[in-house]
Amino acid sequence: MTDFEGLVAVVTGGASGIGLATANLLSSRGASVAALDLNPDVKDPLVGVRTDVSDDESVQSAIAEVVERFGRLDIVVNNAGIGAQGDVSANSDEEWLRVLNVNVVGMARVARAALPHLRNSPSAAIVNTCSIAAWAGLPQRVLYSASKGAVYGLTLAMAADHVREGIRVNAVAPGTADTPWVGRLLDSAPDPAAERAALEARQPHGRLVSADEVAGAIAYLASPLSGSTAGTILAVDGGMYGLRLRPKP
Ligand code: NAD
C-alpha cells in the first residue's frame, strides 16, 4: 500500500516497541517518518529526533526540526509513555506528576506544537496510544490507568474540537503487547514464565498482542483512506475489553 505517499509523520516513542513498529509501517506505506524519542536510535529511512515529551521546549524544537526538514507535517502518533505499578497508595506525588507529565501532558504538548502545521494538511490525523487500562480495572496499575483514562478523555475531546477543521483524532487501546517494555516487566517478575502465562491467559485469544498488530491499527486510523473515522478508541486486545468467554473445558 502507498496510502501515506507524500505525507510526513512524527511518532513519539518511535524508537522502540509499538512506536518503532508504527514508524516502520508508515514509512513502508510511503510516509516520511521522524521518530521523536529520548533515545532516537533508528535506522534509515526513519529519521530520529531526540525529544523529551515531558519538556515543552524539546517538543517545540523537535516539531520545528521536522517541519524544517520535510516542509510539512500531516500525522502525529502520540505514543511515548511510561509505566507505573502499585495500588493507589504506592506512588508519591512526585511519581504521579512524573507519569502524568509524560503520558498525558506529553500528548497535549506534541499536539499543541503540531496543530498549526496539521491545519495546512489535506490529510491531517492524530492517533494517541491509549490502553486496555483506560477502560478495564487491572490490579496494581492505579497511576498508569489514571494516565490512560485521561488519554481516552483527551482523545474524544480533541476529536470534537478538530473534526470540523479536517483533523481527525483517534486512539488505539492495546492489550498487553509483546514489546521491550513488557519484556522488562517480565524479567523483573519472580517467575517470568509464570507471569507471561498469566498475561497471555488474561487475553481471550490466549497470547500477547504484537507490536505490528497495534501498528496496523494505528496506520488504519492515521490513513487518508479512513477519512470518516474520528473520535474512535480502537481496541487491539484479543477481545479482552469486550468479550466474556466461558472457562476452557
Ligand atoms: P517501549 O518502552 O518499548 O517504547 C516506549 C518508547 O518511548 C521508548 O523508545 C522510550 O525511549 C520512549 N519514551 C519514554 N519516555 C519518553 C519521553 N519522555 N519522551 C520521548 N520518548 C519517550 O514501550 P511500548 O510497550 O512500545 O509502549 C508504547 C506505548 O504503548 C506507551 O504509551 C504505552 O503506555 C502503550 N501501551 C503499551 C502496552 C504494552 O503492553 N506494551 C499496552 C497498552 C499500551
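**A tour of the two domains and their interface**

Across the interface of domain 1 and domain 2, the rule finds one salt bridge, and this tour begins from that contact. Please keep in mind throughout that this is a predicted model.

Select Glu 213 and Arg 207 and display their side chains, which meet in a salt bridge with a distance of 2.7 Å from N to O. If you then look for polar contacts between domain 1 and domain 2, counting residues where both are at pLDDT 80 or more, you will find one residue pair. To see which elements frame the domain 1 side, colour helix 1 (17–28) and helix 7 (211–222), the elements that give two or more residues to the side of domain 1 that touches domain 2. By class, that side of domain 1 has six nonpolar, six polar and two charged residues.

Next, colour the chain by domain, giving one colour to domain 1, made of residues 8–174 together with 210–236, and another to domain 2, residues 178–208. With both domains shown, how far apart do the C-alpha centres of domain 1 and domain 2 lie? The separation of these two centres is 24 Å. Where the domains meet, 14 residues of domain 1 are in contact with eight residues of domain 2.

The area buried between domain 1 and domain 2 is about 700 Å², and carbon and sulfur atoms give 57% of it. Select Leu 138, Ser 210 and Glu 213, since these three residues supply 34% of the area that domain 1 buries against domain 2, more than any other three residues. Glu 213 is thus worth a second look, as one partner in the salt bridge with Arg 207.

Now step back and show the whole chain as a cartoon, in which seven helices and nine strands can be traced. Its C-alpha atoms fill a box of roughly 55 × 40 × 35 Å, taken along the principal axes. A compact globule of 249 residues would have a radius of gyration near 18 Å, and the protein chain, with 18 Å, agrees with this.

Two details of the backbone complete the tour. For one of them, select Asp 44 and Pro 45, where the peptide bond from Asp 44 to Pro 45 is cis, with omega near 10°; Pro 45 is placed in the loop between strand 2 (32–37) and strand 3 (47–50). For the other, move to the loop between strand 5 (124–129) and helix 4 (142–162), where Gln 140 lies. Although Gln 140 is not a glycine, its phi is positive, at about 60°.

Key:
Residues are numbered from 1 along each chain as its sequence is written. This is a predicted model: local features need pLDDT of at least 70, side-chain atom pairs count only at pLDDT 80 or more; totals for chains, interfaces and linings use all residues. Side-chain values use heavy atoms; hydrogens and water are left out. Domain bounds come from an automatic or database domain assignment. Contact means heavy atoms within 4.5 Å. Buried area is the accessible area (1.4 Å probe) that two parts lose on being put together, summed over both. A salt bridge is a side-chain nitrogen of Lys or Arg within 4 Å of a carboxyl oxygen of Asp or Glu. A polar contact is a pair of N or O atoms within 3.5 Å; within protein, one must be able to donate a hydrogen and the other to accept it, and residues adjacent in sequence count only if both atoms are side-chain atoms. Helices (H or I, at least four residues) and strands (E, at least two) are DSSP runs, numbered from the N terminus. Ala, Val, Leu, Ile, Met, Phe, Trp, Tyr, Cys and Pro count as nonpolar, Asp, Glu, Lys and Arg as charged, and the others, Gly among them, as polar. The radius of gyration is taken over C-alpha atoms; the globule rule is 2.2 Å times the number of residues to the power 0.38.
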